[in-house]
Structure formats: C-alpha cells, structure tokens
Amino acid sequence: MTLTNVIEVLEAAYPPGRAESWDAVGLVSGDPAQEVRRVLLAVDPVAAVAEEALDWGADLIVTHHPLYLRGTTTVAATTPKGRLIRTLIKNDVALYTAHTNADVANPGVSDALARAVGLVGDLVPLKPFPDDPWRGLGRIGEVAEGMTLGEFAAQAAKGLPRTFAGLRVAGEPSRPVARVAVSGGAGDSLLATAAAAGVDVFLTADLRHHPASEFVESGGPALIDAAHWATEWPWLDSAASILHASGVTVETRVSATVTDAWTRGY
Ligand SMILES: [Zn+2]
C-alpha cells in the first residue's frame with residue numbers, strides 16, 4: 001500500500017473540506033508514493049508517540065491533533081516540534097492529521113466517545129450541520145436503562161482509558177439520567193446547545209469553573225468533565241476499523257501512551 005492509498009480511505013471517512021477554517025488537517029510529512037505497512041494511531045503528535053512509532057517500525061502516524069495548528073517558520077531541532085518532525089522525516093515516518101473533520105464525521109470522534117461511555121441506540125449530532133442532520137459536533141444518545149448521575153459517571157469512568165484526573169462531576173449524584181450528550185475534546189462552546197437539547201448530562205472535556213458553575217446554577221444538565229485525551233482516544237479504534245474495512249492491507253496499532261497534559265496530583 002502507498003501512503004496515497006491510505007490517505008484516500010481516511011479522506012473518504014474524514015473529508016478535509018469539513019474541517020474548521022482555523023484547523024490544519026491532512027498530510028504533515030511523508031511522500032504520497034512511499035510504502036505504508038504499519039500505521040500507528042494516536043491522539044497527540046508528541047515525542048512519546050514518535051518514539052513508540054520508531055520502536056514499532058511504523059511508516060505512518062495518524063493523529064487527531066495537528067502538530068502545527070498555528071503554522072511555523074522553522075522545523076529546526078531547536079524546538080520540540082522541530083525535533084519531532086525532524087525525527088519523523090529522518091526515519092521515513094509519515095504524519096497525517098484528522099482533527100475537526102474527524103469530530104464532525106459519521107462515525108466520528110463523538111460516536112466513539114458515546115459508545116465508550118455506554119450510550120446505546122441511534123446517536124444524533126448535538127449540533128448537526130445545516131445541510132446534513134447525521135454529521136456535526138457532539139452526539140446525543142441514551143443510557144441502556146435508567147440510572148443516576150453517579151451510576152452513569154462510574155460507567156463512563158470504566159469505559160474511558162484511565163487518566164490521573166479521571167472524571168469530575170457537577171450535579172447531584174442521585175439525579176436521574178436517560179439522555180446524554182457527549183463531545184470529544186474541549187466542549188465549552190456547546191454548553192448552551194446541550195442545555196437547549198434537554199439532555200440530562202453533558203460529558204466533555206476542558207470545562208472551566210465559571211461557565212460550568214453558571215451552567216449548573218441555571219438548572220442546566222449535569223456536567224461531566226473528562227480528561228481531553230481520554231475523550232478522543234476511543235476514536236482511534238474507530239479510525240483503525242475504517243482502514244481495515246476499506247481493504248487497505250496495513251497493520252494498525254492504537255497508541256496506549258497516555259498523552260493527556262495532566263499526569264499527577266498532590
Ligand atoms: Zn482535542
């Protein structure tokens with residue numbers, strides 16, 4: 001398989017045209033004609049992931065987060081990102097990113113998150129595209145049977161990969177939960193949308209004190225704040241499955257390296 005073959009599959013599933021205008025998705029390094037046998041999937045393009053790729057002999061790393069979201073004027077080894085890209089190029093490892101285009105895809109990042117935390121039945125976007133009701137940001141689904149907020153949080157914690165911070169919950173643990181909205185990554189901007197959707201809980205990452213406090217005070221859904229990395233990690237399996245289902249003959253590996261920014265507490 002060539003890198004072009006793999007990219008064609010990824011771009012059919014995650015059309016780059018659906019990425020936000022501020023985003024930086026697609027091929028970061030590599031030659032479209034190069035051969036690809038092993039694909040490592042990871043959330044973050046960081047040194048630990050590059051090391052894992054070299055150890056395993058990956059030809060391609062597919063990450064969710066862009067390496068150069070805000071551009072750059074140097075790839076010298078004087079910065080961490082420069083060192084990383086230099087290592088990848090020297091070792092012939094390609095790097096490809098599917099970010100907000102994977103968020104809004106169907107299935108996308110929030111579908112995988114919804115299933116990981118135990119939502120069942122049809123999943124519908126929390127904020128659908130005006131021209132496509134089945135694609136868009138976030139997902140709304142249901143729990144298998146009525147449960148309390150505390151029980152749902154415990155189920156969600158079990159379904160997500162472990163991180164130091166685990167889950168933080170805002171809301172009475174005895175509150176009943178039936179409908180749940182989820183959004184992988186930083187979901188602050190979807191708080192009002194989740195409230196308007198009338199769900200019982202909104203699970204996302206990177207929530208801040210004031211918006212969360214005001215949201216709960218105003219009688220909105222309960223909130224669950226997970227580690228950013230953990231909310232996006234379940235998508236890696238889904239992307240690997242799409243590669244396999246497409247018939248491209250590559251070996252895939254989902255990186256289990258925890259690259260969430262928060263690693264310890266005191
Ligand atoms: Zn993210």
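How many cavities of 30 Å³ or more does the structure hold? There are 2 of them, and they share these legends with two pockets, a hairpin, a helix and a couple of side chains. Keep in mind throughout that this is a predicted model.

**View 1. The largest pocket, with a volume of about 1100 Å³.**
Go to the centre of this pocket and the residues lying nearest are D44, H65, H99, H228 and E232. They belong to a lining of 50 residues. Plenty of elements chip in: α2 (47-56), α3 (80-90), α4, α5 (109-116), β6, β8 (176-186), β10 (222-226) and α9 (228-232) each give at least two residues to this lining. The largest share comes from α3, which supplies 5 residues. Sorted by class, the lining has 23 nonpolar, 15 polar and 12 charged residues.

**View 2. The second largest pocket, holding about 160 Å³ of space.**
Here the lining is made by R168, V169, A170, L207, R208, H209, A212, S213, V216, L223, I224 and D225. Two or more of these residues come from each of β7 (168-170), α8 (209-217) and β10. Helix α8 gives the most, with 4 residues. As for chemistry, the lining splits into 7 nonpolar, 2 polar and 3 charged residues. Strand β10 should look familiar, as it also supplies at least two residues to the lining of the largest pocket.

**View 3. The largest cavity, with about 40 Å³ of space.**
Around this space sit P45, V46, V49, A50, I61, T63, L84, L88 and L95. Helix α2, strand β3 (60-63) and helix α3 each bring at least two residues to the lining. How do the lining residues divide by class? The count is 8 nonpolar and 1 polar, with no charged residues. Both α2 and α3 also give at least two residues each to the lining of the largest pocket.

**View 4. The second largest cavity, at about 30 Å³.**
A42, V43, D44, V49, W229, W233, L236, S255, T257 and T259 form the lining here. By class that makes 6 nonpolar, 3 polar and 1 charged. A couple of names carry over from earlier views: V49 also lines the largest cavity, while D44 is among the residues nearest the centre of the largest pocket.

**View 5. T259, in the segment after β11 (251-254).**
This is a closer look at one of the residues lining the second largest cavity. Is T259 buried or exposed? With a relative accessible area of 16%, T259 is buried, because anything under 20% gets that label. Its side chain makes a polar contact with the side chain of W229, at 3.3 Å. Setting aside neighbours within four places in sequence, T259 is in contact with D44, V46, V49 and W229. Of these, D44, V49 and W229 turn up in the lining of the second largest cavity, and V46 in that of the largest cavity.

**View 6. N101, a buried residue in helix α4.**
Helix α4 covers residues 100-103. N101 has a relative accessibility of 1%, so it counts as buried. What does the side chain of N101 reach at 3.0 Å? That would be the backbone oxygen of Y14. Leaving out neighbours within four places in sequence, N101 is in contact with Y14, P15, P16, R18, A19 and V25.

**View 7. Helix α5, largely enclosed by the rest of the structure.**
Why call α5 largely enclosed? Because 6 of its 8 residues are buried. Those buried residues are V109, S110, D111, A112, L113 and A114. Even so, α5 also gives at least two residues to the lining of the largest pocket. After the helix comes G118, which has a positive phi, near 95°.

**View 8. The β5-β6 hairpin.**
Strand β5 (residues 119-129) and strand β6 (residues 132-148) run antiparallel. The pair is joined by 7 bridges, and 2 residues make up the hairpin connection from β5 to β6. Look for P125, which stands opposite R139 in β6. Strand β6 also contributes at least two residues to the lining of the largest pocket, which brings us back to View 1.

Definitions and conventions
Residues numbered from 1 in each chain as written. Predicted model: local features only at pLDDT ≥ 70, side-chain atom pairs only at ≥ 80, totals over all residues. Heavy atoms only, no water. Pairing = 2+ DSSP bridges. Buried < 20%, exposed > 50% of the residue type's maximum accessible area, 1.4 Å probe, protein only. Polar contact = N/O pair within 3.5 Å; in protein donor to acceptor, adjacent residues only side chain to side chain. Contact = heavy atoms within 4.5 Å. 1 Å grid on protein atoms, 1.4 Å probe; cavity = no way out; pocket = protein on both sides within 12 Å on 5 of 7 lines; lining within 4 Å. Points joined across faces, edges and corners; volume = space filled by probe spheres on them. Nonpolar A, V, L, I, M, F, W, Y, C, P; charged D, E, K, R; others polar.
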